[in-house]
Amino acid sequence: MDPSRPIADMAAATGRARTRAPGGSPLTGYAFLAPALLVLLVFLLLPALWVFGLSLFRWDLIAENPTLVGLANFVRLLTRDDVWWQSVRQTIYYTAVSVPAGMALGLLLAVLLNARMPGRDLLRGAIFLPYVAPLVATVIIWQWIFNADYGLLNTALGAVHLPRPGWLRSPEWIMPALIVYGVWQHTGVNMVIYLAGLSNIPADLQEAARVDGAGAWSVFWRVTWPLLSPTTYFLLFINLIGSFKVFAPVYVFTRNTGGPDRAAVTIGYYLYQQAFQDFHTGYAAAISVALFVLILAITGLQMGLLSRRVFYT
């Protein structure tokens, strides 16, 4: 008797059972995906295509017949609109400072609060709270903190005999004020995601490094930090995209003026102004397309430069 025969018969029977299993058709999977795909199509893909098409028209949201102007909106945007280029520079400035600062502070807090200590969960919740608190309410609180005459921050600076900046009414200081608020708001979520990354690092790797005589800094730099690279890669993606779309803090901090000398105008805020204040809807769509291309280029550059530096366990 062939000893392999029962195993072969069992495999064949299992294969027949699988082919006869109910719901085995590939259409079943697509049926389950259909609701999510429909939502994606209706609320994301179709509006995106509509915006791309609208960027080729001149329309004020009121006229019944938009005027086809082709690429004229893009020509104006790239060659004659100084405010657009100012918003690009200021958005890049905001991103270049707030993203690294927020991620570095989030990483530091995650490493500190990853250790066992009294009140650790309470501290984690307090640091994460700004991210989930109502945005407008927190911006109004920070408006009082940044007040040049009686704000908490200038009062503290004056107490130690340091200069008291104009903050929200100064072209030089309004963007640093926005950056401080952005870092404060997003540090908590960066910390939480870094904590999730730290929990996935095998403890035996860090313990082996300590046994070999590595100090706390060496363990972090040579073991923990490389293994956090997927987390850092992900956070860099979402923080860059979010910072390029910043709008609400600018709107509330400047009381919908863009700040002195338009010093706080970002791409997102300028898009809002063109669409819903000046009613240049086609031009606003062109700004949306330009912002999409800019984010796509930065994302592609990030993937090309950093994807090979990500280490997975």
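This passage describes selected local features of a predicted model. Residues are numbered from 1 along each chain as its sequence is written, and side-chain values use heavy atoms, with hydrogens and water left out. Because the model is predicted, local features need pLDDT of at least 70 and side-chain atom pairs count only at pLDDT 80 or more, whereas totals for chains, interfaces and linings use all residues.

Asp60 is placed in the loop between β1 (57–58) and β2 (67–68); helices (H or I, at least four residues) and strands (E, at least two) are DSSP runs, numbered from the N terminus. With a relative accessible area of 32%, Asp60 is partly exposed, where buried means under 20%, exposed over 50% and partly exposed in between (1.4 Å probe, protein chains only). Its C-alpha atom is separated by 5.3 Å from that of His280, which is 220 residues apart along the chain. Asp60 also touches Phe279 and Thr281, residues up to four places away in sequence not being counted (contact: heavy atoms within 4.5 Å). The side chain of Asp60 further reaches the backbone nitrogen of Ile62 at 2.9 Å.

Helix α4 (residues 82–113) comprises 32 residues and reaches 46 Å from its first C-alpha to its last, close to the 46 Å expected at 1.5 Å a residue; the expected span is 1.5 Å times one less than the number of residues. At the start of α4, a side-chain oxygen of Asp81 comes to within 3.1 Å of the backbone nitrogen of Val83.

A search of the whole structure yields 22 aromatic pairs. Rings of Phe, Tyr and Trp (its six-membered ring) pair if their centres lie within 6.5 Å, planes under 30 degrees apart counting as stacked, over 60 as edge-to-face and the rest as tilted. Phe146 and Trp167 form a tilted pair, at 5.2 Å centre to centre and 45° between the planes. This pair links distant parts of the chain, 21 residues apart: Phe146 lies in the loop between α6 (135–145) and α7 (152–159), and Trp167 in the loop between α7 and α8 (174–199). Phe146 is buried at 1% relative accessibility, as is Trp167 at 7%. Both belong to one aromatic cluster with Trp142, Trp173, Tyr181, Trp184 and Phe253.

Most residues other than glycine have a negative phi. Arg255, although not a glycine, has a positive phi of about 55°, and Asn256, likewise not a glycine, has one of about 60°. Arg255 is found in the loop between α12 (248–253) and α13 (267–277), as is Asn256. Arg255 is exposed at 65% relative accessibility, whereas Asn256 is partly exposed at 22%.

How values were computed: Polar contact = N/O pair within 3.5 Å; in protein donor to acceptor, adjacent residues only side chain to side chain.
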